[in-house]
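Thanks for sharing this one with me. Here are a few friendly notes on its aromatic pairs and its pockets, to read alongside the model.

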Amino acid sequence: MTPRTTSALHKRAIGIIATTSAVVALSLAGASAANAADRVPFANSVPSWATAQNDAGAAPADTTVQGEIYLPLRDQKGAETLAKQVSNPSLSGYRRALSPQQWIARFSPTQADYDAVLAFLKTAGLTIQGEPASRQYVVFRGTPQQLGSVFGTSLHSYKVAGHELVAPSSAPSVPAALGAKVSAISVEQSRTMTRPNSIKQGDVPASAAPQVQRKSAAVAPVITTPCSHYIGENTVTVPAAYNGQTTYPTYNCGYTPQQMRSAYGLTDLTKRGVNGSGQTVAIIDAYASPTIVKDANSLAAQNGEPPLTNSSYQQLVPSPSEFTDQAACQYPSGWQSEQTLDVESVHSIAPGARILYVGGTDCSGGLDIAMSKILDNKLANIVSNSYGNIGEAVPADVIQGEVNIQLQAAGEGIGLYFSSGDNGDEVENLGYPSPDFPASSPWVTSVGGTSLGIDKNGRNAWETGWGDQLDKIVKNADGTLAYAEPLPGSLFAGGAGGGVSAVFPAPDYQRGIVPQALSKGYRVSPDVAALADPYTGFQIGLSPIVDDTTLATGAYVNETYGGTSLATPIVAAQIAIVQQATGRTIGFANPTLYSVKRVLPSAFRDVVPPNPPKALVYTSARSGNTYFITLDRDTSLKTAVGYDDVTGLGGVSFTLLSLVAQGRH
């Protein structure tokens with residue numbers, strides 16, 4: 001994607017016509033679509049993948065497509081300046097955040113402009129799905145024919161990253177009367193590729209099992225590998241691996257809340273009541289689990305933890321009848337484990353914090369509406385977002401519209417924490433390396449992932465970058481064991497996302513910290529990291545949805561999960577604890593994080609390549625296959641001394657975040 005500057009995103013506006021004339025133009029939207037001279041096109045609202053090579057023909061006529069139209073901020077530079085002043089400890093405006101009402105009054109589009117855009121969409125017969133109080137965008141829906149007519153284009157299906165997505169075949173446009181009132185038109189489905197960044201233990205790539213999986217019982221494993229409740233509880237003998245070593249620990253059963261708090265140095269604080277009390281962590285995902293409170297409390301009971309109550313958990317969720325784009329967004333069942341992981345991990349790390357879950361009607365514009373509910377009312381100053389697009393394959397204008405929402409959060413002193421992704425550099429999905437958006441934005445804190453070994457005393461025994469490379473252990477004809485391939489094998493089973501943005505220039509706070517040889521002048525993510533490896537993962541409890549139509553659920557089960565969807569709520573929960581302990585609101589943390597790194601690098605737990613490599617042994621209960629898992633093998637992303645594109649500045653800790661809260665720099 002071509003790098004863009006903010007000013008370039010708004011130069012296509014060609015003038016403003018009086019409101020009375022605009023009303024006439026709006027009523028003739030269909031007719032004006034045929035007259036290009038009367039319209040303002042938005043070429044940068046077309047996704048880069050909408051090419052003739054990927055074109056699969058006209059979009060299905062019997063479907064509807066969600067759209068989103070963005071309006072420019074009244075003072076783009078002013079909003080960016082405020083966000084920097086509020087977040088930078090070296091500036092006089094540090095932490096002097098605006099209220100939502102103040103921010104909206106100062107930077108949001110005018111009510112008159114917003115009303116004009118709404119009138120245009122309603123007059124055209126489109127269904128309005130979301131109108132935030134900030135007036136930054138409108139979410140709507142229509143048929144491909146409607147949208148093509150309204151926006152002067154035609155909608156086609158395109159093949160991208162294993163999906164068929166709808167997008168305009170030419171630049172969408174609006175009548176000239178609206179030209180300066182609009183900054184982007186999204187009538188494409190790139191953001192339906194937004195996925196939860198969680199991985200269930202055992203989600204081994206299909207190529208890992210060359211034999212066809214049948215309903216028959218799993219084959220007898222070549223090695224019995226009982227899971228371990230702590231690192232090293234169980235070890236097994238394998239063919240000689242690194243430095244000739246033949247004894248390796250087995251994967252873990254799923255860490256408990258007590259183990260997690262202990263490993264992150266929070267046990268004594270929790271005993272003293274420093275547990276996030278008085279703080280609210282907001283969590284955003286698509287849809288809503290029908291059993292979240294029951295499931296979280298079942299997990300809490302089995303671990304001797306306090307339950308969620310009406311005062312400690314609240315949710316703002318759509319009714320099931322309002323759920324949209326379920327197939328494209330992986331259905332409510334595909335997001336249930338994500339919400340469960342997010343809620344249960346925050347509650348486990350910070351059991352005293354209030355949790356506010358806000359569910360989107362879908363995985364694209366619905367997530368924006370969920371975010372705006374929080375920002376427009378400042379319902380929390382910590383927001384955990386465990387989802388992301390596949391790379392930055394979103395139109396440039398749309399990205400700017402999303403960035404403006406993030407600027408509102410920063411200006412209000414709200415910290416947005418986004419998971420960096422679970423697919424490493426995304427080459428397998430996209431054919432080229434890319435960090436995931438929104439985590440790649442310079443206005444959010446991107447959370448990468450680690451593999452974490454917790455010993456029998458609850459201490460951090462070791463921590464490496466999360467990147468699982470699998471090699472199947474097979475039995476030779478003579479009964480001896482061997483690796484199917486040369487170590488570490490070729491089966492990539494997940495790793496933290498990250499890398500160099502193709503969209504965003506390097507923010508000031510990263511200069512001098514992120515090596516120039518890595519960044520080449522662009523934003524690099526992630527910023528910090530926490531536990532994400534499902535093979536050293538966290539045990540959740542849920543009653544899985546078995547019917548996405550009725551939302552009927554099955555019996556409660558315990559499962560072990562990881563992904564940067566685990567890392568992100570871990571960080572968000574620790575922010576809540578630190579804010580309680582220090583009495584300070586951190587807001588957008590990145591400028592202070594990097595300032596602390598400059599003056600006190602020892603505050604970070606630097607995650608470096610282990611020598612020799614760390615590894616675990618895992619046997620799949622489904623297939624019976626046994627795998628040797630080499631850790632810290634994250635595609636082209638590499639851990640290193642200092643900043644790296646797997647773990648960022650390093651692992652988080654209470655001490656580090658306390659310095660951030662205090663604004664030490």
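**Notes on rings and a pocket**

1. There are 17 aromatic pairs in the structure (Phe, Tyr and Trp rings, Trp by its six-membered ring, with centres within 6.5 Å; planes under 30 degrees apart are stacked, over 60 edge-to-face, the rest tilted). This is a predicted model, where local features need pLDDT of at least 70 and side-chain atom pairs count only at pLDDT 80 or more, while totals for chains, interfaces and linings use all residues. Residues are numbered from 1 along each chain as its sequence is written, and side-chain values use heavy atoms, leaving out hydrogens and water.

2. Tryptophan 103 and phenylalanine 107 make a tilted pair, because their ring centres are 5.3 Å apart and their planes meet at 45°. Both residues are buried (under 20% relative accessible area with a 1.4 Å probe, protein chains only; over 50% is exposed, and in between is partly exposed).

3. Tryptophan 443 and phenylalanine 588 are also paired and tilted, at 6.1 Å centre to centre and 45° between the planes. Tryptophan 443 is buried at 13% relative accessibility, and phenylalanine 588 is buried at 3%.

4. Do look at the cluster that ring pairs build from Tyr242, Tyr248, Tyr483 and Phe628.
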